[in-house]
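These exercises concern how two protein chains fit together. Look at the structure below, try each task, and then read the solution.

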There are 2 protein chains.
Amino acid sequence: MKARVHVTLKPGVLDPQGRAINHALHSLGFDQVGDVRQGKFFDIDLGYEDRDAAEAAVKEMCDRLLANPVVESYAIEIDAP
Amino acid sequence: MKARVHVTLKPGVLDPQGRAINHALHSLGFDQVGDVRQGKFFDIDLGYEDRDAAEAAVKEMCDRLLANPVVESYAIEIDAP
């Protein structure tokens, strides 16, 4: 079983990296580019048999390690074979 | 129109961050965790009308800025409304 976790800055939190990329793309001539937001994601191989148990564990992994709850939010996709 | 770009290390390229996260998760007691790979993604607002033009532009953005072609590969999703 695999999980993919997307971690993004919460709306309203300034994204300096996204802004820097926006400027860089414009300087390269990509003038059709609007807002750019950057995030990180994790592909995690899991040994759980049960999908709900896997989802609960991944949620706890996010809360305890993968995401900073103050400024980040996360989305979990479980890819049960 | 929006694009989401996932940038990952190419298979075979050592992922020290993924490995560090794997160890951290195990030390937190998540012993069902196997391989962990970390990547980055970009959500880009685009002003293109035509989907193919948007996809071609985003591919060029990846080749020129968003991904390091030596060690990274990328996947593009275009979310045409």
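**Exercise 1. State how many residues of each chain take part in the contact between chain B and chain A, and how much area is buried there.**

Solution. The model is predicted, so every value here is computed from it.

Step 1. Count the residues: 32 residues of chain B are in contact with 32 residues of chain A.

Step 2. Take the area. About 2,800 Å² is buried between chain B and chain A, and carbon and sulfur atoms give 66% of that.

Step 3. Look for the main contributors on one side. In chain B, the residues that lose the most area to chain A are B:Phe30, B:Gln32 and B:Phe41, which together give 22% of what that side buries.

**Exercise 2. Work out which symmetry relates the two copies.**

Solution.

Step 1. Superpose chain B on chain A. This takes a rotation of 180° with 0.0 Å of shift along the axis, and the RMSD is 0.0 Å.

Step 2. Draw the conclusion: the copies are thus related as by a two-fold rotation axis.

Step 3. Locate the axis in chain B. The C-alpha nearest to the axis belongs to B:Lys40, at 2.1 Å.

Step 4. Compare the surfaces. Of the interface residues of chain B, 100% are also interface residues in chain A, so the copies meet through the same surface.

**Exercise 3. Give the strand order of the sheet and say which strands stand at the edges.**

Solution.

Step 1. Write down the order. The sheet is open and has six strands, E3(A)-E1(A)-E2(A)-E2(B)-E1(B)-E3(B), with antiparallel pairing.

Step 2. Find the edges. Strand E3 (72-79) of chain A and strand E3 (72-79) of chain B each have a single partner strand, so one side of each is left without a neighbour in the sheet.

Step 3. Add the twist. Direction ignored, neighbouring strands are turned by 25° against each other on average.

Step 4. Check the pairs in chain A. E1(A) and E3(A) are joined by eight bridges in the antiparallel sense, and A:Val5 has A:Ile76 as its bridge partner in E3(A). E1(A) and E2(A) pair antiparallel over six bridges, and there A:Arg4 has the bridge partner A:Asp43 in E2(A).

Step 5. Turn to chain B. Strand E1 (residues 2-9) and strand E2 (residues 33-46) of chain B also pair in the antiparallel sense over six bridges. Here B:Val7 is partnered by B:Lys40 of E2(B).

**Exercise 4. Describe how helix H2 of each chain lies on the sheet.**

Solution.

Step 1. Start with H2(A). This helix lies across strands E1, E2 and E3 of chain A together with E2 of chain B, and runs at about 155° to E3(A).

Step 2. Continue with helix H2 (residues 51-66) of chain B. H2(B) touches E2 of chain A together with E1, E2 and E3 of chain B, and its direction makes about 155° with that of E3(B).

**Exercise 5. Are H2(A) and H1(B) roughly parallel or roughly perpendicular?**

Solution.

Step 1. Recall what is needed. Two packed helices are described by the angle between their axes and the distance between the axes.

Step 2. Read the values. The axes of H2(A) and H1(B) come within 11 Å and cross at roughly 110°.

Step 3. Classify the angle. Values of 65 to 115 degrees count as roughly perpendicular, and H2(A) and H1(B) are therefore roughly perpendicular to each other.

Step 4. Name the residues. A:Met61, A:Leu65 and A:Leu66 of H2(A) meet B:Ile21, B:Ala24 and B:Leu25 of H1(B). By class, this contact has six nonpolar, no polar and no charged residues.

Note on methods:
Residues numbered from 1 in each chain as written. Chains lettered and ligands numbered in written order. Predicted model: local features only at pLDDT ≥ 70, side-chain atom pairs only at ≥ 80, totals over all residues. Heavy atoms only, no water. Axes fitted to C-alpha atoms, helices over the stretch in contact; angles between N-to-C directions. Helix = DSSP H or I, 4+ residues; strand = E, 2+ residues; numbered from the N terminus. Parallel < 35°, antiparallel > 145°, perpendicular 65-115°, else oblique. Contact = heavy atoms within 4.5 Å. Nonpolar A, V, L, I, M, F, W, Y, C, P; charged D, E, K, R; others polar. Least-squares fit on C-alpha atoms with pLDDT ≥ 70 in both. Pairing = 2+ DSSP bridges. Buried area = accessible area lost by both parts, 1.4 Å probe.
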